[in-house]
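Student: Could you take me through the salt bridges of this predicted model, looking closely at which residues pair up and how open each partner is to its surroundings?

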Amino acid sequence: GGTNSRLKLILINKEEDIEPIEIASKVLKSFDYDSIENLLKSFLEEFEGTKNYPKFAVLGIPGAVENNTMLPLVNIPQWKKENGESLAKKLNLKKVIFLNDFVCIGYGILSELKEGETLIKLNKRISENNGKKLVIGPGTGLGVCYLIKNENEKFYNVYGSEGSHQDFAQQI
């Protein structure tokens, strides 16, 4: 959403076959910060100069993202447009990648979901293993993404949308 920013610092070791390790986790009120840069600086300040200072950041944004640029957000108006490359330089990171928040959820939707806890089935239909999938989530807005896997592909492609910005009014 936009009300809260949920931040995690995760250690991922690609050379060794070990599970990612959570170093830190924090929930910050988005409206307490005048920019995404200052929110991230607040989270990262305790890791400055340590071996745990991150090299990369992937940020799920509750709004539109174009060419790795976070566009102005409807629900956090004080945060202005921000580019990933520019933000990486400001935070001394190698790379910052912006994704729509529901694109992030779409990438995670195929993990272990438990019906009744993290998954609510809307009907009794049994889905195809490699069929199309739609994810909808109400919150500050209405997040939407869909997943499509082509026959010859190993993984799903995830496409984001902003359901809360749709016009459903009847045209007369």
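Tutor: E82 and K90 form a salt bridge in this predicted model, and their closest N and O atoms lie 3.3 Å apart. This pair does not stand alone, since salt bridges that share partners join E37, K41, E82 and K90 into one network. The two partners differ in their class of exposure: E82 has a relative accessible area of 9% and is therefore buried, as the value is under 20%, whereas K90, with 39%, is partly exposed.

A search of the whole structure finds 5 salt bridges, and another of them is formed by K8 and E22, with the closest N and O atoms 3.0 Å apart. That pair links distant parts of the chain, for K8 belongs to strand 1 (residues 4–11) and E22 to strand 2 (residues 21–29), with their positions 14 residues apart in the numbering. K8 counts as exposed because its relative accessibility of 52% is over 50%, while E22, at 43%, counts as partly exposed.

Strand 2 also holds K26, which forms a salt bridge with E46. The closest N and O atoms of K26 and E46 are 3.7 Å apart, and this pair, too, links distant parts of the chain: E46 sits in the loop between helix 1 (36–44) and strand 3 (56–61), and the two residues are 20 residues apart. With a relative accessible area of 32%, K26 is partly exposed.

Key: Residues are numbered from 1 along each chain as its sequence is written. This is a predicted model: local features need pLDDT of at least 70, side-chain atom pairs count only at pLDDT 80 or more; totals for chains, interfaces and linings use all residues. Side-chain values use heavy atoms; hydrogens and water are left out. A salt bridge is a side-chain nitrogen of Lys or Arg within 4 Å of a carboxyl oxygen of Asp or Glu. Helices (H or I, at least four residues) and strands (E, at least two) are DSSP runs, numbered from the N terminus. Buried means under 20% relative accessible area, exposed over 50%, partly exposed in between (1.4 Å probe, protein chains only).
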